[in-house]
Amino acid sequence: MDFDFSAILLALTVLFGVVWGLDRLLFYRKRKARFIAAGEEYRDPAAVDWARSLFPVIFVVLLLRSFVAEPFRIPSGSMMPTLDVGDFILVNKFAFGLRLPAFNNKVISLGEPKRGDVVVFRFPGYICQDDNGKTVRSGDITCADPHAPVASQNWIKRVIGLPGDTIEVHDSQIVINGKPVVDTQIGPFKGNPARPEDNELLYYNATVWSEQLGPVNHLIARMPARGPTPPIPNARVPSVVPQNCYIVMGDDRENSEDSRWWGCMPEENLVGKAFMIWFSWKGWGTGGVDFHRIGTIIH
């Protein structure tokens, strides 16, 4: 079940703030006078007491999550080997500007994504054409129902193409503005066969490569035996990246549903820039806490 935690925090902040504020404005003085007249110790009604106690706490949490840093958990292997399943990461919420909580509207611009950045964003949906030939975003990958609702989910990928770039992608080979992306094979992937995400990479004889995207050097995984991936350009992705849009891909190149499948990622869907792993859990019996990953800066 999908839910927006920021929207819940915002709603609770407004609810508790309104209850506390209206009580102080309309009822507090008369109620206190009655207690004094009766010679009793003053106390707020339970609802008001809860609102007064919880409002500042939830408000501070909302501010921190909305404008400073927000924690996320990595649920899939699409960003391996950079990010592993069970990694808990921190996302810089002001790297690309300040946005209103829940609504995600940018109010202050502080920067734009750079090539190689690892970004969290709201999944925009698959680019489809409706019955009138209008381009829409759908939750249906087949586009059989172009108006299917798009799941409210946060995804994480790496920025490959910037607005105005000319991009070509064939399997794991990337060409940006006519220049092939430099990559170097490091060796075979090594992992724990007991972990499903590692086992898939081992089954397909995955190899680990070092890739240079602008100033960012990072690792990717390749497993061509798993099968082909959509090229760029394709029906959903033109060769030239549209304005206010970005081409994003996972570091596990053959196991990532990314811009190759659903189109470019609109700037308005950005949530923030991932910058650190603060905890890593590989599961009971399959590694437990991975202390070596804790504190790792994300490149």
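**A guided tour of the predicted chain**

Begin with the whole chain on screen: of its 299 residues, 43% count as buried. Please keep in mind throughout that this is a predicted model.

**The whole chain**

Display the chain as a cartoon. Its secondary structure consists of four helices and 17 strands. Along the principal axes, the C-alpha atoms occupy a box of roughly 80 × 55 × 35 Å. Next, turn on the surface. The accessible surface amounts to about 15,600 Å², and carbon and sulfur atoms contribute 62% of that area.

How are the contacts distributed along the sequence? Among contacts with a separation of 6 or more, 62% join residues that are 24 or more positions apart. Then colour the charged residues. The chain has 31 positive and 32 negative charges, and the mean positions of these two sets are 8 Å apart.

**Residues 50-68**

Select residues 50-68. An unreviewed UniProt entry records a "transmembrane region" at these positions. In the model, this span is 95% helix and 0% strand. A distance drawn between the C-alpha atoms at its two ends comes to 26 Å.

**Helix α3**

Move on to residues 196-203, which form helix α3. Which residues of this helix are buried? They are E197, D198 and L201. Look down the axis of α3: the buried residues fall within an arc of 100°, so they line one face of the helix. Now select P196 and Y203, which are exposed on the other side of α3.

To see what the buried face meets, add residues 216-222 to the selection. These residues make up strand β14, against which the buried residues of α3 pack. Finally, select N205, just after α3; its phi is positive, at about 55°.

**The loop that holds K114**

Select residues 106-108, which are strand β4, and residues 118-122, which are strand β5. K114 is found in the loop between these two strands. Is K114 buried or exposed? K114 counts as exposed because its relative accessibility is 57%, and the cut-off for this class is over 50%.

Which residues does K114 touch, if neighbours within four places in sequence are left aside? K114 is in contact with V159 and L162; display both side chains together with that of K114. As a last step, select M276 and draw a C-alpha to C-alpha distance from K114. The two residues are 162 residues apart in sequence, and their distance in space is 17 Å.

Conventions. Residues numbered from 1 in each chain as written. Predicted model: local features only at pLDDT ≥ 70, side-chain atom pairs only at ≥ 80, totals over all residues. Heavy atoms only, no water. Buried < 20%, exposed > 50% of the residue type's maximum accessible area, 1.4 Å probe, protein only. Contact = heavy atoms within 4.5 Å. Areas by Shrake-Rupley, 256 points an atom, 1.4 Å probe, with all protein chains shown as cover. Lys, Arg positive; Asp, Glu negative; His and termini not counted. Charge placed at Lys NZ, Arg CZ, Asp CG, Glu CD. UniProt positions renumbered as here; feature names shortened; annotations may be inferred. Arc of directions from axis to C-beta.
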